[in-house]
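Biologist: Can you put the model up and take me through how the parts pack? I'll ask as we go.

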Amino acid sequence: MAEISRTTKETDIKIDLNLDGSGKADIKTGVGFFDHMLDGFARHGFFDLTASVSGDLFVDCHHTIEDTGIVLGTAIFKALGDKQGIKRYGSMMLPMDETLVLCAIDLSGRPYLGFDAEFTSDKIGDMDTEMIREFFYAVSYSAGMNLHIRVLSGTNNHHIAEAIFKAFGKALDEAVSYDPRIEGILSTKGSL
Ligand SMILES: [Mn+2]
């Protein structure tokens, strides 16, 4: 579990995260579609997530979404602790109607984002589609996570975005889960 607060001149963010939760989400970012995405992430990853975000939406949604990614990634990093006993790797191939999304994670401590997704609209509701990549870049770097997201098929932008966030939740749920066969930290180096 972790609770992280971050305040800048652009955003004021508080996130409370329990990785071993039950999927309870209370998300208020001021960007309705982004709330819908984080809700799907928490619900399908069985994380308890409270996010209270106040950002400079009079500018646009950029700072609000990017900074929420930084704080969520930081919360994941802190909640993982020394990563004793967890699977470390997780992946999901998630279908949603015509859309199919692959998400693969290694909680290696080495940040990397591979992102292959194209959107045919600039916005979904009140969220800029180009911010989806920025969000996952921020999460992967602040969590020290190797994260690959690849949209294998899809035409509906709402489906594509939603499948990405749900696949991320499912893959992360697997990566952070305990395996009783793992003694200590699952790395030949002895640390992650
Ligand atoms: Mn939806």
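Biologist: What do the buried residues of helix 1 pack against?
Modeller: They pack against strand 3, strand 4, helix 2, strand 9 (127-128) and helix 4 (157-175). Packing here rests on contacts, meaning C-beta atoms, placed from the backbone, that lie within 7 Å. Helices (H or I, at least four residues) and strands (E, at least two) are DSSP runs, numbered from the N terminus.

Biologist: Before more of that, what kind of model is it?
Modeller: This is a predicted model, in which local features need pLDDT of at least 70, side-chain atom pairs count only at pLDDT 80 or more, and totals for chains, interfaces and linings use all residues. Residues are numbered from 1 along each chain as its sequence is written.

Biologist: Which residues of helix 1 are buried?
Modeller: F34, D35, M37, L38, G40, F41, A42 and G45. A residue is buried if 20 or more other C-beta atoms lie within 10 Å of its own, exposed if 12 or fewer, and partly exposed in between, with C-beta atoms placed from the backbone.

Biologist: Why do buried positions in a helix tend to come three or four places apart?
Modeller: An α-helix has 3.6 residues a turn, so residues three or four places apart point the same way.

Biologist: What span should helix 1 have, and what does it have?
Modeller: Its 14 residues should span 20 Å at 1.5 Å a residue, and the end C-alpha atoms are 20 Å apart, so the two agree. The expected span is 1.5 Å times one less than the number of residues.

Biologist: What follows helix 1?
Modeller: F46 does, with a positive phi near 55°.

Biologist: Back to helix 4. At what angle do helix 1 and helix 4 pack?
Modeller: About 35°, with the axes 8 Å apart. Axes are lines fitted to C-alpha atoms, for helices over the stretch in contact, and angles run from 0 to 180 degrees between N-to-C directions.

Biologist: Is the crossing left-handed or right-handed?
Modeller: The crossing of helix 1 and helix 4 is right-handed. That applies if the near helix is turned clockwise from the far one by less than a right angle, and left-handed if anticlockwise.

Biologist: Which residues meet there?
Modeller: M37, G40, F41, A42, H44 and G45 of helix 1 meet a set in helix 4 that includes A161, E162, F165 and G169.

Biologist: E162 is in that set. Why does E162 count as buried?
Modeller: Because E162 has 22 C-beta neighbours inside 10 Å. Leaving aside neighbours within four places in sequence, E162 is in contact with M37, G40 and M96.

Biologist: Where does M96 sit relative to strand 6?
Modeller: M96 stands opposite T99 in strand 6. Strand 5 (residues 89-96) and strand 6 (residues 99-106) run antiparallel, joined by 8 bridges. The two form a hairpin with 2 residues between them, and D97 in the turn has a positive phi of about 50°. Strands pair if DSSP finds at least two bridges between them.

Biologist: What is the strand order of the sheet with strand 5 and strand 6?
Modeller: The order is 5-6-10-7, an open sheet of 4 strands with mixed pairing. Its edge strands are strand 5 and strand 7 (112-116), each pairing on one side only. Strand 7 and strand 10 run parallel, with 5 bridges. Helix 3 (residues 130-143) packs on this sheet, touching strand 7 and strand 10. Helix 4 packs on the sheet too, touching strand 5, strand 6 and strand 10.

Biologist: Pick a residue in strand 10. What is I149 in contact with?
Modeller: With neighbours within four places left aside, I149 is in contact with C103, G114, F115, A117, F136 and I164. I149 is buried because 24 other C-beta atoms lie within 10 Å. I149 and I164 are 15 residues apart in sequence, with C-alpha atoms 7.3 Å apart.

Biologist: And the other sheet with 4 strands, what order?
Modeller: 1-2-4-3, open, with mixed pairing. Strand 1 (2-7) and strand 3 (25-28) are the edge strands. Strand 2 (residues 11-18) and strand 4 (residues 48-55) run antiparallel, joined by 8 bridges. Helix 2 (residues 62-80) packs on that sheet, touching strand 1, strand 2 and strand 4.

Biologist: Last one. How many helices and strands in the protein?
Modeller: There are 4 helices and 10 strands, and 42% of the 192 residues count as buried.

Terms used:
Contact = placed C-beta atoms within 7 Å.
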